[in-house]
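This briefing introduces one protein structure to a reader who has not met it before. Please keep the sequence and the structure in view while reading.

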Amino acid sequence: MMDVQCVARLKLILVGDQSVGKTSLLTQFADDFFASHPSSTIGTDFKMRTVEVDGKWVKLQLWDTAGQERYRTIIKDYYRDAQGVIFVYDITKEQSFDHILDWIQTVQEHAPHDIEQIIVGNKADADPHLRKVNSRRAESVANQFGCKFMETSAKHNTNVDEAFMLLTRRIMEKLKLGDPLKFEDSVILSDEERQRDSKCGCTIL
């Protein structure tokens, strides 16, 4: 436990089809743990992690969302005040990648127009003959929508921190440069909020 003051609180949300590994990615990043058979997310769940970005501490509120169709109406409310979104698909399931376009459309309809986005192809540890989605194809779609792209393995902890931190740094860069695209006022913490958040479990990346 470290006594630090966080300068910002950011909300990141993971979306994608069921069983693509959203919960595993989140657990690996937040808890440094991989669950072989995580239970399905019901509605939404979240974890917290505090990280250091360019010498400043940032508290991340990380939201895991259910991929089932019946929860999508509920989940839409969680997009509205998010600063970043991670679109997750399974590289061994082409349908999960095809549905990324639907997830992007939903986020565009309900999230802030300046939300930062990254597309993540999970389960990169799978046997090559099981791969259904070519990385170049995925990167092309990401470029089309102005998203970053990365492949990850929650199981082997490959590029997990890198994906979350890339998104976080892009958000913080906007804040630092005073980007005209506006975030919610609550993102930058007041002095009182910083003191309240100062005693938090922190991880330096």
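The points below are grouped by topic, from strands and helices to individual side chains.

The structure is a predicted model. Its parallel strand pairs include β2 with β4 and β6 with β7. Helix α1 is largely enclosed by the rest of the structure, since 8 of its 10 residues are buried. One residue of α1, Phe29, takes part in a stacked aromatic pair with Phe164.

**Strands β2 and β4**

- Strand β2, which covers residues 6-15, pairs with β4 in the parallel sense, and 8 bridges join the two.
- Within this pairing, Leu10 has Leu60 of β4 as its bridge partner.
- Strand β4 spans residues 56-65; 8 of its 10 residues are buried, so the strand is largely enclosed by the rest of the structure.
- Lys59 belongs to strand β4, and this lysine counts as buried because its relative accessibility is 12%, under the 20% cut-off.
- From Lys59 to Arg49 the C-alpha distance is 6.0 Å, and the two residues are 10 apart in sequence.

**The β6-α5-β7 unit**

- Strand β6 (residues 116-122) runs parallel to strand β7 (residues 148-151), and their pairing comprises 4 bridges.
- Gly121 finds its bridge partner in β7, namely Glu151.
- Together with helix α5, which covers residues 135-144, these strands β6 and β7 form a β-α-β unit that is right-handed.

**Helix α1 and its surroundings**

- Helix α1 extends over residues 22-31, and its buried residues are Lys22, Ser24, Leu25, Leu26, Thr27, Gln28, Phe29 and Ala30.
- Gln28 lies in this helix and counts as buried because its relative accessibility is 6%, under the 20% cut-off.
- The C-alpha atoms of Gln28 and Lys155 are 8.1 Å apart, although 127 residues separate the two along the chain.
- Just after α1 comes Asp32, whose phi is positive, at about 55°.

**The aromatic pair of Phe29 and Phe164**

- The whole structure contains 3 aromatic pairs.
- One of them joins Phe29 and Phe164, whose ring centres are 4.2 Å apart and whose planes differ by 5°; this pair is stacked.
- Distant parts of the chain are linked by this contact: Phe29 is in α1, Phe164 is in helix α6 (residues 160-177), and their positions lie 135 residues apart in the numbering.
- Both Phe29 and Phe164 are buried.
- Arg49 is placed over the face of Phe29, at 4.3 Å from the ring centre.

**Helix α4**

- In helix α4, which covers residues 100-110, the buried residues are Ile100, Trp103, Ile104, Thr106 and Val107.
- Viewed along the axis of α4, these buried residues are confined to an arc of 160°, and they therefore line one face of the helix.

**Cysteines**

- The search of the whole structure finds 0 disulfides.
- Cys6 is buried, because its relative accessibility is 0%, under the 20% cut-off.
- Cys147 also counts as buried, because its relative accessible area is 6%, under the 20% cut-off.

Technical notes: Residues are numbered from 1 along each chain as its sequence is written. This is a predicted model: local features need pLDDT of at least 70, side-chain atom pairs count only at pLDDT 80 or more; totals for chains, interfaces and linings use all residues. Side-chain values use heavy atoms; hydrogens and water are left out. Buried means under 20% relative accessible area, exposed over 50%, partly exposed in between (1.4 Å probe, protein chains only). The arc is that of the directions from the helix axis to the C-beta atoms. Two strands pair if DSSP finds at least two bridges between them. A crossover is right-handed if, with the strands pointing away from the viewer, the path from the first strand over the helix to the second runs clockwise. Rings of Phe, Tyr and Trp (its six-membered ring) pair if their centres lie within 6.5 Å; planes under 30 degrees apart count as stacked, over 60 as edge-to-face and the rest as tilted. A charge sits over a ring if NZ of Lys or CZ of Arg is within 6 Å of the ring centre and within 35 degrees of the ring normal. A disulfide is a pair of cysteine sulfur atoms within 2.5 Å.
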